[in-house]
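This report examines a single protein chain, with attention to its strands, its charged pairs, its core and its cysteines. Please look at the sequence and the structure before reading on.

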Amino acid sequence: MEPLAGIPVNEVEDNQVENPQATPTSNSGKSELKKDEFWPLSGKPYFSVVLCKSHLKPRYQLVLPGKICQALPDGCVPVVLTYCGKNWGMMYLGCGDQKKFDSTWKSFVHDNDLEIGDACVFELVESNIDIIRFRVQILRGDFPAELEERVNGETSSTPIILD
């Protein structure tokens, strides 16, 4: 496997299909130019996270859960996140108590318009001492526009009810 040296830090086109059995479907995202992709998980290790303030500005810190870290090598290893056919390169900091992505995670956040309440599912595609690859799905935290006018949902006396 070729190391990260040939992959720029920001997005790069990726024409490889990593799992032909898992064909993505689309759903409109926040931007009219972008489509979010969803597909069934392949059975490989994964983790999910609902984004909160510490994942976003000003800290841009994503600490990985201990369970997925068991499947990852120790030390600093290049990581590639793939989403919508594009790649983002960063480093996995696998030393110490908090195993996390480096601050280059910020590029992924900005390029994909991630916000508090959005969820990301990271499926491990490859993991060795030379490279870690995750395929990412983004689930937007937006409330459906067609329901916004019918709900309040701010207290238990005004719940959101789906028919």
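The sections below describe a predicted model, moving from strand pairing to the core, the salt bridges and the cysteines.

## Strands 5, 6 and 7

Strand 5 covers residues 75-83 and strand 6 covers residues 86-94; the two pair in the antiparallel sense over 9 bridges. Within this pairing, Cys76 is found opposite Leu93 of strand 6. The two strands form a hairpin with 2 residues between them. In that turn, Cys84 has a positive phi of about 50°.

Strand 6 also pairs with strand 7 (residues 100-101), again in the antiparallel sense, through 2 bridges. Here Leu93 has Lys100 of strand 7 as its bridge partner. Leu93 therefore stands opposite Cys76 and is also the bridge partner of Lys100, where a pair of strands is defined by at least two bridges between them. Strands 6 and 7 form a hairpin as well, with 5 residues between them. Gly96 lies in this turn and has a positive phi of about 80°.

## Strand 8 and its partners

Strand 8 (119-127) pairs with strand 4 (46-50). The two strands run antiparallel and are joined by 5 bridges. One of the paired positions is Tyr46, whose bridge partner in strand 8 is Glu123.

Strand 8 also pairs with strand 9 in the antiparallel sense, over 8 bridges. Phe122 has Val136 of strand 9 as its bridge partner. A hairpin is formed by strands 8 and 9, with 4 residues between them. How many residues of strand 8 are buried? The number is 7 of 9, so strand 8 is largely enclosed by the rest of the structure.

## The largest nonpolar core

In soluble globular proteins, nonpolar side chains tend to be buried together. The largest nonpolar core in this model contains 29 residues. Which of these residues touch the most other members? They are Leu64, Leu81, Phe101, Trp105, Phe108, Phe122 and Phe134.

Several elements give two or more residues to this core: strands 4, 5, 6, 8 and 9, together with helix 1 (66-69) and helix 2. Phe122, named among the core residues above, is also the residue paired with Val136 across strands 8 and 9.

## Salt bridges

Side chains of opposite charge can pair when their charged atoms come close. The structure holds 3 salt bridges. In one of them, Glu123 is joined to Arg135, and the closest N and O atoms are 2.7 Å apart. This pair links distant parts of the chain, with Glu123 in strand 8 and Arg135 in strand 9, 12 residues apart. Both Glu123 and Arg135 are buried. Another salt bridge joins Glu126 to Arg133, with the closest N and O atoms 3.2 Å apart. Glu126 is buried, with a relative accessible area of 17%, and Arg133 is buried at 13% relative accessibility.

A further salt bridge joins Asp118 to Arg140, the closest N and O atoms being 3.6 Å apart. This pair also links distant parts of the chain: Asp118 is in the loop between helix 2 (105-111) and strand 8, while Arg140 is in the loop between strand 9 (132-139) and helix 3 (145-148), 22 residues apart. Is Asp118 buried or exposed? Its relative accessible area is 1%, so Asp118 is buried. Arg140 counts as buried because its relative accessibility is 17%, and the limit for a buried residue is under 20%. The side chain of Arg140 also has a polar atom 2.9 Å from the backbone oxygen of Asn112. The backbone oxygen of Asp113 lies 3.4 Å from a polar atom of the Arg140 side chain.

## Cysteines without disulfides

A disulfide is a covalent bond between the sulfur atoms of two cysteines. In this model the count is 0 disulfides. Why does Cys95 have no such bond to Cys76? The closest cysteine sulfur to that of Cys95 is in Cys76, at 4.7 Å, which is too far for a bond, because a disulfide requires sulfur atoms within 2.5 Å.

Cys95 is partly exposed, with a relative accessible area of 49%. Cys84, described earlier in the turn between strands 5 and 6, also counts as partly exposed, at 26% relative accessibility.

Key: Residues are numbered from 1 along each chain as its sequence is written. This is a predicted model: local features need pLDDT of at least 70, side-chain atom pairs count only at pLDDT 80 or more; totals for chains, interfaces and linings use all residues. Side-chain values use heavy atoms; hydrogens and water are left out. A salt bridge is a side-chain nitrogen of Lys or Arg within 4 Å of a carboxyl oxygen of Asp or Glu. Buried means under 20% relative accessible area, exposed over 50%, partly exposed in between (1.4 Å probe, protein chains only). A polar contact is a pair of N or O atoms within 3.5 Å; within protein, one must be able to donate a hydrogen and the other to accept it, and residues adjacent in sequence count only if both atoms are side-chain atoms. A nonpolar core is a set of buried Ala, Val, Leu, Ile, Met, Phe, Trp, Tyr and Cys residues joined through side-chain atoms within 4.5 Å.
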